[in-house]
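Biologist: Could you put the structure up and go through it with me?

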Amino acid sequence: MLDLLRVQGSASRAQIAEGTGLSRATISAITANLRRSGLIVRSDTAVEGSGVGRTPEHLTLNPGSRVIVGVEFSHTRVTVVVSDVTHRVLGSKVREHDHDEPWERRLGTAIGFIDALVGATLTLIAIGSGVPGAISGRSGVVDRVEQCLGDRYRVPVRVENNARLAGLAEFSWGAGKDMQDLVYLRLSEGVGGLLIVDDEPRLGNTDSAGEFGHVCIDPNGPVCRCANRGCLEAYVGLGTVLARADAASVGELIEALDRAEPRALAVTTDAGARIGLVLANTCSILDISSVVLGGALAQVGDQLVRAVRQMVVRHAYSGGAEQLRIRTAELGNLDGALGGVALVLRDRSIPVGFRPKAMTSTTQRGKALTA
Ligand SMILES: [Zn+2]
């Protein structure tokens, strides 16, 4: 029940029964015990009801003053969010920087933000952080982020790919929150993503699952950042798409689409078709039901989604292709940092709630991203 509450934030007794398979009577008994011990409390945030009858009481972990920090280091931005253990976001800060910003300064920015947001009254319990996947010296960066934040705050620090974290956030709170399986694509400078099957993120044998940007769509195509040829990213990376459309920004591209400019329409449709081809193949292999498109390029919206859908329907073998749900992301530019919070909440090796000593168990350190 505690694990369910830490991953879901809050839940009614009926939702706990569904999620745990326990009977209502057992849940009532356990709930009464946990409330007496102060481990769980009644949620004080209003929950949307059906409008008929009383809204059922929702329960959450006891938040106390404990907070989790999520940090995203993208290619050009540092983002920090602070959330309590009931999934309530208490604050956030963002700063844009140049591509060549040294890591020392990025870390300095993050530390300044964390100090300001956590302050003296809150207790920081863990940090989840995202870093870009395809960066030179990535493993060095991962170690450095872990060490720097760990040394300063003396709390567990988990580091993951930032596109995956954005996907995890959409799955937890955004466009994918009611889905059981999901392909999340982050369409930005780089193209990354996250694959979720049966409610579980799939990391792969060597921890590199979900690299949709490096699926080859033409072995004789242009050279990609990864040195292979014809990767999806080489066609639909943000810089490439904007250059082809002769637009300086996504905003300009959207304006050109609103004016129905042929060049903008053609470039967007071409990008959507290539993304759709990769998704059609993914559907044929995995028979997934849902797709969420995130990142800057996804802001283009309908025009892109239509082109993606057309290609999926045309090429996917799976019978469900026509019913495939394709949505655009909902969490905006806090997504990667929010994913850092979700990463901590799903990592049961990190105790997050108020736990009386007698109830502390020595859980094994789980693999990152797994619940
Ligand atoms: Zn590549």
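Modeller: What follows covers a metal site, a pocket and some single residues.

Biologist: Before that, what are the ground rules?

Modeller: This is a predicted model, where local features need pLDDT of at least 70 and side-chain atom pairs count only at pLDDT 80 or more, while totals for chains, interfaces and linings use all residues. Residues are numbered from 1 along each chain as its sequence is written, and side-chain values use heavy atoms, with hydrogens and water left out.

Biologist: Start with the metal. Which atoms coordinate the zinc ion?

Modeller: His-214 through ND1, and Cys-224, Cys-226 and Cys-231 through SG, at 2.0 to 2.3 Å. Donors here are N, O and S atoms within 2.8 Å of the metal (3.2 Å for Na, K and Ca), and water is not among the atoms, so sites may look incomplete.

Biologist: Why is the arrangement called tetrahedral?

Modeller: Because the four donor atoms subtend angles of 105 to 121° around the zinc ion. Four donors count as tetrahedral if all angles lie between 85 and 135 degrees. The ideal angle for four tetrahedral donors is 109.5 degrees.

Biologist: How are the donor residues spaced in sequence?

Modeller: The pattern is H-x9-C-x1-C-x4-C. His-214 and Cys-224 are 10 residues apart, both in the loop between strand S11 (200-201) and helix H7 (232-236). Helices (H or I, at least four residues) and strands (E, at least two) are DSSP runs, numbered from the N terminus.

Biologist: Is His-214 buried or exposed?

Modeller: In between: His-214 is partly exposed, with a relative accessible area of 24%. Cys-224 is buried, at 7%. Buried means under 20% relative accessible area, exposed over 50%, and partly exposed in between, with a 1.4 Å probe and protein chains only.

Biologist: Switching to pockets. What volume does the second largest pocket have?

Modeller: About 700 Å³. It is lined by 37 residues, and those closest to its centre are Arg-186, Ser-188, Glu-189, Gly-295 and Ala-296.

Biologist: What counts as a pocket, and how is the volume taken?

Modeller: On a 1 Å grid over the protein atoms alone, a pocket is an open set of points where a 1.4 Å probe fits, with protein on both sides within 12 Å along at least five of seven lines; lining residues have an atom within 4 Å of a point. Grid points are joined across faces, edges and corners, and the volume is the space filled by probe spheres set on the points.

Biologist: Which elements supply that lining?

Modeller: Helix H6 (162-173), strand S10 (191-197) and strand S12 (290-294) each give at least two residues. H6 has the largest share, three residues. Domain 2 (66-164 + 334-345) and domain 3 (178-330) each contribute at least three residues, with bounds from an automatic or database domain assignment.

Biologist: And the lining by class?

Modeller: There are 10 nonpolar, 17 polar and 10 charged residues. Ala, Val, Leu, Ile, Met, Phe, Trp, Tyr, Cys and Pro count as nonpolar, Asp, Glu, Lys and Arg as charged, and the others, Gly among them, as polar.

Biologist: Backbone next. What is the phi of His-87?

Modeller: Positive, about 75°, although His-87 is not a glycine. His-87 sits in the loop between strand S5 (77-84) and strand S6 (89-96), and is buried at 14% relative accessible area. Asp-198 also has a positive phi, of about 50°, without being a glycine. Asp-198 is in the loop between S10 and S11 and is exposed, at 59%.

Biologist: Last topic, the tail. Where is Val-352?

Modeller: In the segment after helix H12 (335-346). Val-352 is buried, with a relative accessible area of 3%. The C-alpha atoms of Val-352 and Ala-126 are 8.1 Å apart, with their positions 226 residues apart along the chain.

Biologist: And Asp-347, buried or exposed?

Modeller: Buried, at 2% relative accessible area. Asp-347 also lies in the segment after H12, and its C-alpha is 34 Å from that of Ala-316, 31 residues away along the chain.

How values were computed. Tetrahedral: all angles 85-135°; square planar, octahedral: opposite > 155°, others 65-115°.
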